[in-house]
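Welcome to this short tour. Please open your viewer and keep the selection tool at hand.

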Amino acid sequence: MMPPSTALDDRQYASLLAVRVGVRRFLRWSEERAAEVGLTATQHQLLLAIRGHDDSRGPTIGELADYLCTRHHSTVQLIDRVEQLGLVARNRGEGKDRRVVRLKLTSAGKGKLALLSATHLEELRRLAPLINALAVPEAP
């Protein structure tokens, strides 16, 4: 890490603190909403990563590991647990390489994610003015 080119002022440190506190509070709130529907925060993130993926065939395990910032084997273990809950299904690739596994949400997975996503969008809309006001100002 390079040393900063200019010193930050008190206002900038206060802005950084406010943003980090706001992010942590949102994440805590999100964990609580996930628990209310019987999921961990990571399971919720997995469902969102599958649904939000831009390929209609579904994401691969490697792509999910990248979204979740985890290792491949940790992602496989997470998928195993969520699959046992009936929330996701694995699909083997077609064509030359059948080793490629893609994930899809089941209808139960879609339902849980829909419940969580609606409340999360409401909360993010509520927080948007605060987040915009907390934008870190440029150094003087």
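Helices here are DSSP runs of H or I with at least four residues, numbered from the N terminus. This is a predicted model, in which local features need pLDDT of at least 70, side-chain atom pairs count only at pLDDT 80 or more, and totals for chains, interfaces and linings use all residues. Residues are numbered from 1 along each chain as its sequence is written, and side-chain values use heavy atoms, with hydrogens and water left out.

**Stop one: the pocket.** Select Leu27, Ser30, His44, Gln45 and His120. The largest pocket holds about 320 Å³ of space; 14 residues line this pocket, and those five are the closest to its centre. Which elements give two or more residues to the lining? They are helix 1, helix 2 (41-52) and helix 5 (107-133). Helix 2 gives the most, with five residues.

A pocket is an open set of points on a 1 Å grid over the protein atoms alone, where a 1.4 Å probe fits, with protein on both sides within 12 Å along at least five of seven lines; lining residues have an atom within 4 Å of a point.

**Stop two: helix 1.** Now select residues 10-36, which make up helix 1, and find Tyr13 there. Together with Leu8 and Leu16, Tyr13 forms a nonpolar patch on the surface.

**Stop three: a loop.** Finally, go to Cys69, in the loop between helix 3 (61-68) and helix 4 (72-84). Cys69 is not a glycine, yet its phi is positive, about 55 degrees. Is Cys69 buried or exposed? Cys69 counts as exposed (over 50% relative accessible area, with a 1.4 Å probe and protein chains only), because its relative accessibility is 70%.

Note on methods:
Patches are made of residues with over 30% relative accessible area and no salt bridge: like charges are joined within 9 Å, nonpolar side chains (Val, Leu, Ile, Met, Phe, Trp, Tyr) within 5 Å. Accessible areas come from the Shrake-Rupley method with a 1.4 Å probe; for residues, only the protein chains shown count as cover. A salt bridge is a side-chain nitrogen of Lys or Arg within 4 Å of a carboxyl oxygen of Asp or Glu. Grid points are joined across faces, edges and corners, and a volume is the space filled by probe spheres set on the points. Buried means under 20% relative accessible area, exposed over 50%, partly exposed in between (1.4 Å probe, protein chains only).
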